[in-house]
Amino acid sequence: MGKIAFVFPGQGSQTVGMGESVIENNADAKSIFERADKRLGYSLSTIILNGPLDQLTLTTNAQPALLTTSIAILNCLEEAGIRADYTAGHSLGEYTALVAAGAIDFEDAVYAVHKRGEYMEEAVPNGEGTMAAVLGLDRDSLQEITKEITLSGHSVQLANLNCPGQIVISGTVKGVELASQKAKESGAKRVLPLQVSGPFHSELMKPAAEKFVQVLDEITVQDAKTPVIANVTAGAMHQSQDIKAKLIEQLYSPVLWEDSIVTMIEDGVDTFIEIGPGKVLSGLISKINRDVKTYSVQDIESCEKLISELSSN
């Protein structure tokens with residue numbers, strides 16, 4: 001076996017009841033949920049385990065909920081001695097990756113992403129910004145389209161470069177609408193509007209980034225013990241000051257997910273373990289490179305199965 005990377009999902013993967021089987025079977029995992037509640041001053045764990053879904057989906061809850069659940073699942077793997085050579089996360093998942101890499105303490109990360117969600121919600125009035133997935137158009141063509149529409153006065157940018165032929169755009173409702181129309185005219189197979197509460201990873205998030213600087217100054221960010229692949233550069237980040245700078249930039253910059261996976265593969269990673277709810281990242285990685293192994297660990301059953309498989313190799 002070559003190198004192993006732990007990858008962590010972002011917002012949108014949350015489901016009511018996620019992590020339940022893990023905390024029922026692992027006392028340390030359960031304590032992670034309790035620590036999150038204590039740090040935030042309200043029962044996030046109740047919302048995670050019992051819902052309602054509309055409460056869990058709120059950005060201020062979804063972000064700390066996903067981080068908490070993913071870290072609880074990670075705890076089970078680490079207890080079995082499974083370690084990563086790299087960590088990476090999609091958008092919000094980058095914070096989970098930084099916790100896994102020892103750069104941010106869990107409680108600090110829970111607090112930070114709760115505030116991050118709050119500032120993201122506040123940055124653009126509800127209904128004024130949106131996102132859409134563009135399928136089947138290359139990034140250079142789409143970059144030209146978004147640049148042209150933005151220069152015409154309707155802000156829109158590339159937000160998530162997920163895998164070949166799948167790019168998410170983000171901006172004002174009008175900007176995304178015009179770019180979507182032009183993308184179809186330029187050969188995009190499909191354009192899918194996304195049900196999101198704001199134009200994430202666009203320049204419209206700069207007000208959130210300005211506020212978020214203070215939050216990162218409140219918490220302790222250390223040098224990473226394991227290389228973390230940054231969303232904004234698709235390169236490894238180690239040093240605390242670099243990590244803080246990139247987390248600010250990440251709020252209004254595109255997530256270079258495809259490039260990040262390629263970076264890790266080029267450095268010998270052949271096994272990707274997605275830790276947290278859903279299988280979105282595993283699916284994207286398979287579309288980027290079909291030769292690597294992908295595993296999705298989201299409950300106690302999949303965790304035990306992976307431990308057994310890796311132990312026998």
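## Aromatic pair

The count comes to 1 aromatic pair. The rings of Tyr-95 and Phe-212 have centres 6.3 Å apart and planes at 75°, so the pair is edge-to-face. The cut-off for that label is an angle over 60 degrees. This is a predicted model.

Where do the two residues sit? Tyr-95 lies in helix α6 (residues 93–100), and Phe-212 lies in helix α10 (residues 206–218). The pair therefore ties together parts that are 117 residues apart in sequence. Both Tyr-95 and Phe-212 are buried.

## Charges over rings

Two tyrosines come next. Arg-39 lies over the face of Tyr-111, at 4.3 Å from the ring centre. Tyr-252 has the charged end of Lys-206 over its ring, 5.1 Å from the centre.

## Helix α14

Helix α14 covers residues 300–312, which makes 13 residues. From first C-alpha to last, α14 reaches 18 Å. That is close to the 18 Å expected at 1.5 Å a residue.

Which residues of α14 are buried? They are Ile-300, Ser-302, Cys-303, Leu-306 and Leu-310. These residues cover an arc of only 165° around the axis, which puts them on the same side of α14. An α-helix has 3.6 residues a turn, so residues three or four places apart point the same way. The buried residues of α14 pack against two helices, α1 (20–25) and α5 (59–79). They also pack against strands β9 (269–275) and β10 (293–297).

## The exposed side of α14

On the other side of α14, Glu-301, Lys-305, Ser-311 and Ser-312 are exposed. Glu-301 has a relative accessible area of 61%. Exposed means over 50%, so Glu-301 qualifies.

How far apart are Glu-301 and Val-22 in sequence and in space? In sequence, 279 residues separate them. In space, they are 8.6 Å apart, C-alpha to C-alpha.

## Gln-157 in strand β4

Gln-157 is found in strand β4 (residues 156–163). Is this residue buried or exposed? Gln-157 is buried, with a relative accessible area of 17%. The cut-off for buried is under 20%, so this value meets it.

The side chain of Gln-157 has polar partners. A polar contact of 3.3 Å joins it to the side chain of Ser-155. A polar atom of the Gln-157 side chain also lies 2.9 Å from the backbone nitrogen of Glu-203. Leaving aside neighbours within four places in sequence, Gln-157 is in contact with Thr-146, Thr-150, Val-168, Ile-169, Ser-170, Ser-202 and Glu-203. Glu-203 thus appears both in this contact list and as a backbone partner of the Gln-157 side chain.

Terms used
Residues numbered from 1 in each chain as written. Predicted model: local features only at pLDDT ≥ 70, side-chain atom pairs only at ≥ 80, totals over all residues. Heavy atoms only, no water. Helix = DSSP H or I, 4+ residues; strand = E, 2+ residues; numbered from the N terminus. Expected span 1.5 Å × (residues − 1). Buried < 20%, exposed > 50% of the residue type's maximum accessible area, 1.4 Å probe, protein only. Arc of directions from axis to C-beta. Contact = heavy atoms within 4.5 Å. Polar contact = N/O pair within 3.5 Å; in protein donor to acceptor, adjacent residues only side chain to side chain. Phe/Tyr/Trp six-rings, centres within 6.5 Å; stacked < 30°, edge-to-face > 60°. Lys NZ or Arg CZ within 6 Å of the ring centre and 35° of its normal.
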